[in-house]
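Work through the exercises below with the sequence and the model side by side. Try each task on your own before you read its solution.

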Amino acid sequence: GCEIGLARKSTIGVLLRLKGNSELEIGLLERRRAFDRAASAILAEAVAQGELRAGVDITVLNRLSVGIFNSLVEWYKSGTGQSAGEVVEIAMRYVRAGLEGA
């Protein structure tokens, strides 16, 4: 998923900046909101299962986690050191470590 996003940076960059100024943008914003709801549900389930500490703000965790991967689109350039897969793996380790401490 994230590696595909890095391969299609220009498309993902446009999706991240949607304002809802057209029917197409409104539809895409709703899909993005549906993704956020699904991701929040997964985090809430992790709290219910005891994998994350009770009382943690799910919305904040979701936005921080998604934000990390969205930011890769802004700064990652292929061919400048680590591969997209390596960068995504580093980001995944970072998110996991943060979630475990949450």
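**Exercise 1.** Decide whether Ile-68 is buried, partly exposed or exposed, and find which residues it contacts beyond its neighbours within four places in sequence.

*Solution.* Begin by placing the residue: in this predicted model, Ile-68 sits in helix α4. Next, take its relative accessibility, which is 24%, and compare it with the cut-offs; because buried requires a value under 20% and exposed a value over 50%, Ile-68 counts as partly exposed. Then look for its partners, leaving aside the neighbours within four places in sequence, and you will find Ala-91, Tyr-94 and Val-95 in contact with Ile-68. Finally, consider the distance between backbones: Ile-68 and Met-92 are 24 residues apart along the chain, and their C-alpha atoms are separated by 9.3 Å.

**Exercise 2.** Determine whether Ser-40 is buried or exposed, and state how far its C-alpha atom is from that of Val-60.

*Solution.* Ser-40 belongs to helix α3, and its relative accessibility is 19%. Since this value is under the 20% limit, Ser-40 counts as buried. Setting aside the neighbours within four places in sequence, the residues in contact with Ser-40 are Ile-58 and Asn-62. Val-60, for its part, lies in helix α4, and with 43% relative accessibility Val-60 counts as partly exposed. Although Val-60 and Ser-40 are separated by 20 residues in sequence, their C-alpha atoms are 9.4 Å apart in space.

**Exercise 3.** Describe the make-up of the chain in terms of helices and strands, and then say which elements give two or more residues to the largest nonpolar core.

*Solution.* Start by counting elements: the protein chain has five helices and zero strands, so that reading along the sequence gives the pattern α-α-α-α-α. Now turn to the largest nonpolar core, which has 15 residues, and note that Leu-43, Leu-52, Leu-61, Phe-69, Leu-72 and Leu-99 touch the most other members. Two or more residues of this core come from each of α3 (23-48), α4 (58-75) and α5 (84-101), and α5 gives the most, with six residues. A general tendency is worth recalling here: in soluble globular proteins, nonpolar side chains tend to be buried together.

For the chain as a whole, 25% of the 102 residues count as buried. The chain exposes about 7,100 Å², of which carbon and sulfur atoms supply 57%. Among the contacts with a separation of 6 or more, 45% join residues that are 24 or more positions apart.

**Exercise 4.** Find the salt bridges, and say where the residues of each pair stand on the scale from buried to exposed.

*Solution.* The idea to keep in mind is that side chains of opposite charge can pair when their charged atoms come close. The count comes to two salt bridges, and they can be taken in turn.

1. In one of them, the side chains of Glu-30 and Arg-37 meet at 2.9 Å, N to O. Glu-30 counts as partly exposed at 37% relative accessibility, and Arg-37 counts as partly exposed at 48%.
2. In the other, the side chains of Arg-93 and Glu-89 meet at 3.8 Å, N to O. Both residues lie in helix α5, four residues apart, which is about one turn of the helix. Arg-93 is partly exposed at 47%, and Glu-89 is partly exposed at 35%.

**Exercise 5.** Classify the aromatic pair formed by Trp-75 and Tyr-76 as stacked, tilted or edge-to-face.

*Solution.* The structure holds one aromatic pair. The ring centres of Trp-75 and Tyr-76 are 6.4 Å apart and their planes stand at 75 degrees; because an angle over 60 degrees counts as edge-to-face, that is the class of this pair. As for accessibility, Trp-75 is partly exposed, with a relative accessible area of 48%, whereas Tyr-76 is buried, with 5%.

**Exercise 6.** Find which helix has the lowest mean pLDDT and which the highest.

*Solution.* Take the whole chain before its parts: the mean pLDDT is 80, and 83% of the residues reach 70 or more. Comparing the elements, helix α1 (residues 2-7) has the lowest mean pLDDT, 55, while α3 has the highest, 88.

Conventions. Residues numbered from 1 in each chain as written. Heavy atoms only, no water. Core = buried A, V, L, I, M, F, W, Y, C linked by side-chain atoms within 4.5 Å. Buried < 20%, exposed > 50% of the residue type's maximum accessible area, 1.4 Å probe, protein only. Contact = heavy atoms within 4.5 Å. Areas by Shrake-Rupley, 256 points an atom, 1.4 Å probe, with all protein chains shown as cover. Phe/Tyr/Trp six-rings, centres within 6.5 Å; stacked < 30°, edge-to-face > 60°. pLDDT = per-residue confidence, 0-100. Salt bridge = Lys/Arg side-chain N within 4 Å of Asp/Glu carboxyl O.
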